[in-house]
Amino acid sequence: MSQSEKSAIIRVQKEIIWHMSCGACGYYWTIPTMDEKDNPARREWTCPLCATKSPAEEAEI
Ligand SMILES: [Zn+2]
């Protein structure tokens, strides 16, 4: 394999996008992460629209 073929590799990485919905105002936003273990349901969040701070709960699928 030549040097140019090596550098032409397509590098892929998985991104996880969490969907967040504020229980107070209904605002919807997303949180992207590359870390499988980073679950946003394990901490509190402040809504970017109405500034209500609430614990998060993962929705049942
Ligand atoms: Zn809100």
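Strand 2, residues 28-33, lies largely in the open, because zero of its six residues are buried. This description rests on a predicted model. Strand 1, residues 16-21, is hardly covered either: the count of buried residues among its six residues is zero. For the protein chain of 61 residues, the buried share is 0%.

**Overall form**

The protein chain contains one helix and four strands. Read from the N terminus, these elements follow the order α-β-β-β-β. The radius of gyration of the protein chain is 18 Å, whereas a compact globule of 61 residues would have a value near 10 Å. Along the principal axes, the C-alpha atoms occupy a box of roughly 60 × 20 × 20 Å. Of the contacts between residues at least 6 apart in sequence, 21% join residues that are at least 24 apart.

**The hairpin of strands 1 and 2**

Strand 1 and strand 2 run antiparallel and are joined by six bridges. Together they form a hairpin, with six residues between the two strands. Gly 26, in the turn, has a positive phi of about 85°.

Individual pairs can be followed across the hairpin. Met 20 stands opposite Trp 29 of strand 2, and His 19 has Thr 30 of strand 2 as its bridge partner. His 19 itself is placed in strand 1. Leaving out residues up to four places away in sequence, His 19 touches Tyr 28 and Thr 30; Thr 30 is thus named both as a contact and as the bridge partner. The C-alpha atoms of His 19 and Ile 31 are separated by 6.6 Å, although the two residues are 12 residues apart along the chain.

Ser 21 also lies in strand 1. Beyond its neighbours within four places in sequence, Ser 21 is in contact with Gly 26 and Tyr 28. Gly 26 belongs to the turn of the hairpin, and Tyr 28 is also touched by His 19.

**Strand 3 and the loop that follows**

Thr 46 lies in strand 3. Ala 51 is found in the loop between strand 3 (44-46) and strand 4 (53-55). Thr 46 touches Ala 51 and Lys 53, again without counting residues up to four places away in sequence.

The backbone of Ala 51 deserves separate mention. Most residues other than glycine have a negative phi. Phi of Ala 51, however, is near 65°, a positive value in a residue other than glycine.

**Distances along and across the chain**

The table lists selected residue pairs with their sequence separation and their C-alpha to C-alpha distance.

| Residue pair | Separation in sequence | C-alpha distance |
|---|---|---|
| His 19 and Ile 31 | 12 residues | 6.6 Å |
| Thr 46 and Cys 22 | 24 residues | 8.7 Å |
| Ala 51 and His 19 | 32 residues | 17 Å |
| Ser 21 and Lys 6 | 15 residues | 43 Å |

Thr 46 and Cys 22 are thus 8.7 Å apart in space at a separation of 24 residues. For Ser 21 and Lys 6, a separation of 15 residues goes with 43 Å.

**Exposure of individual residues**

A residue counts as exposed if 12 or fewer other C-beta atoms lie within 10 Å of its own. Ser 21 is exposed because it has 12 other C-beta atoms within 10 Å. Thr 46 has 11 other C-beta atoms within 10 Å and is therefore exposed. His 19 has 10 C-beta neighbours inside 10 Å, so it counts as exposed. Ala 51, with 10 other C-beta atoms within 10 Å, is likewise exposed. These assignments cover residues of strand 1, including His 19 and Ser 21, as well as Thr 46 in strand 3 and Ala 51 in the loop before strand 4.

Terms used. Residues numbered from 1 in each chain as written. Predicted model: local features only at pLDDT ≥ 70, side-chain atom pairs only at ≥ 80, totals over all residues. Buried ≥ 20, exposed ≤ 12 C-beta atoms within 10 Å, placed from the backbone. Pairing = 2+ DSSP bridges. Rg over C-alpha atoms; globule rule 2.2 N^0.38 Å. Contact = placed C-beta atoms within 7 Å.
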